[in-house]
Amino acid sequence: MTSIRSFAPGRVNLIGDHTDYNEGFVLPAAIPQTTVVEIAPGSGRHVVYSATLRRRVEFDDTGELHDFARYVGGCVRVLTEKGIAVPPLAIRVASTVPVGAGLSSSAALEVATLRALSHLLGLDLSPVAIATLGRRAEMHYAGVQVGIMDQMACALATTDRMLFLDTRSLDYRLLPLPPNSDVIVVDSGQQRSLAGSAYNTRRQECHRAAAMLGVASLRDIDDIGVLHGLPSPLRERARHVVSEDQRVVSATTASAEEFGALMNASHQSLRDDYAVSTPALDALAAFLREQPEVFGARMTGAGFGGACVALARAGTAADVAARTAAHGRDRRWKPVVPP
Ligand code: GLA
């Protein structure tokens with residue numbers, strides 16, 4: 001067996017956050033930054049070296065996984081759990097996807113690893129199978145009860161289109177971005193970690209709300225009016241999810257102006273009803289929104305820190321990003337797209 005090299009991009013979610021684990025809709029795109037994974041047969045224990053972190057971790061087929069081996073080793077384990085024999089591996093990882101910015105560095109690592117393993121072992125896994133296995137690795141070995149958006153986006157999205165995904169059926173379409181617009185992504189400088197956040201709590205709140213409403217998931221609610229009987233904060237959490245699903249569907253056919261207004265409304269809902277924004281994200285989104293070229297801006301991903309995404313008039317992204325970086329130098333605002 002020879003060495004195999006695969007890669008996967010990070011993703012930015014344009015709109016539709018905290019909807020995926022409620023079986024709703026999401027609209028992410030890939031970012032230009034990628035994670036590259038090279039796998040060759042090794043001997044003895046599995047060894048994974050991160051050229052980005054300059055750290056090496058060893059792991060076995062059983063026992064605890066540590067550090068970034070939770071993701072890589074998690075991918076190996078989900079295959080062995082399915083009865084697939086995986087020989088000892090020598091793995092090298094290098095990534096330009098920012099870590100802790102809500103841009104799916106972990107899903108990019110999982111998808112790149114599973115792509116490489118699929119080639120090396122002749123498994124011929126489809127993108128959807130890779131996404132599903134990557135999500136399982138994250139849930140079982142990184143301890144976060146994530147939805148499927150990130151792994152599907154890293155497996156299927158491109159930088160010049162948006163991936164409209166129904167997370168219940170896994171049906172998807174790649175759609176053009178709103179006419180005459182560019183995407184801007186800026187890291188707020190506030191690192192976030194999903195495992196340490198209230199992510200799993202929000203998920204439980206949604207499930208409790210769905211159970212009280214007698215539906216399988218909040219995806220099944222179309223009328224916000226039926227939520228008024230729920231106790232607080234379940235009412236607010238559910239109101240975010242139901243309204244966010246509606247915004248995603250509207251966004252698929254929106255003009256750039258309409259898309260921007262939906263992004264602004266999404267941010268407000270994530271801040272006020274879902275309580276996952278932070279003062280750092282609010283300040284960055286507000287600054288982006290004030291720029292005359294910008295149609296709208298919002299936090300992106302799980303929240304609790306990380307990045308904001310904005311939609312701007314085509315051809316103005318580099319200017320707006322540079323202006324934002326200059327304004328937020330003390331706060332470590334850092335443009336990710338355009339880089
Ligand atoms: C994280 C999870 C996703 C999704 C987002 C919020 O990125 O991995 O599944 O729930 O948060 O939209």
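Visitor: Which domains does the domain assignment of the chain give?
Guide: This is a predicted model. The assignment comes from an automatic or database source. For this chain it gives domain 1 (4–174) and domain 2 (178–337).

Visitor: How far apart do the C-alpha centres of domain 1 and domain 2 lie, and how many residues does the contact take from each?
Guide: The C-alpha centres of the two domains lie 23 Å apart. Contact here means heavy atoms within 4.5 Å. On that basis, the contact takes 37 residues from domain 1 and 46 residues from domain 2.

Visitor: How much space lies in the largest pocket, and which residues are the closest to its centre?
Guide: The largest pocket holds about 860 Å³ of space. Its lining has 44 residues. The closest to the pocket centre are Tyr71, Val99, Gly100, Ser105 and Ser106.

Visitor: From which domains does the lining of the largest pocket draw at least three residues?
Guide: Take the elements that each supply at least two lining residues: strand S2 (25–41), helix H1 (69–81), strand S5 (89–95), helix H2 (105–120), helix H3 (127–142) and helix H4 (149–156). Domain 1 is assigned to 4–174. The lining, however, draws at least three residues from each of domain 1 and domain 2.

Visitor: How do the lining residues of the largest pocket divide into nonpolar, polar and charged?
Guide: Gly counts as polar in this split. Gly100 is one of the residues closest to the pocket centre. The lining divides into 18 nonpolar, 17 polar and 9 charged.

Visitor: What order do the strands of the open sheet of 4 strands have, and which are the edge strands?
Guide: The pairing in this sheet is antiparallel, and the twist averages 25° from one strand to the next. The order is S9-S10-S8-S11. An edge strand pairs on one side only, and that applies to strand S9 (294–299) and strand S11 (334–337).

Visitor: Which residue in S11 stands opposite aspartate 187?
Guide: Strand S8 (residues 181–187) pairs with S11 over 3 bridges. The sense is antiparallel. Opposite aspartate 187 stands lysine 334.

Visitor: Which helix lies across S8, S9 and strand S10 (307–313)?
Guide: Its axis runs at about 175° to S9. Angles are taken between N-to-C directions. The helix is H8 (residues 279–290).

Visitor: Which residue in the turn of the S3 and S4 hairpin has a positive phi?
Guide: Strand S3 (residues 46–50) and strand S4 (residues 55–59) run antiparallel, joined by 5 bridges. Serine 50 stands opposite arginine 55. The hairpin has 4 residues between its strands, and the turn residue with phi of about 55° is arginine 54.

Visitor: What is phi of aspartate 67?
Guide: Aspartate 67 is found in the loop between S4 and H1. Its phi is positive, in a residue other than glycine. The value is near 55°.

Visitor: What is omega for the cis peptide bonds at proline 233 and proline 338?
Guide: Proline 233 has its place in the loop between helix H5 (199–213) and helix H6 (234–251). Proline 338 lies in the segment after S11. From serine 232 to proline 233 omega is near 5°; between valine 337 and proline 338 omega is about -10°.

Key
Residues numbered from 1 in each chain as written. Predicted model: local features only at pLDDT ≥ 70, side-chain atom pairs only at ≥ 80, totals over all residues. Heavy atoms only, no water. 1 Å grid on protein atoms, 1.4 Å probe; cavity = no way out; pocket = protein on both sides within 12 Å on 5 of 7 lines; lining within 4 Å. Points joined across faces, edges and corners; volume = space filled by probe spheres on them. Pairing = 2+ DSSP bridges. Axes fitted to C-alpha atoms, helices over the stretch in contact; angles between N-to-C directions.
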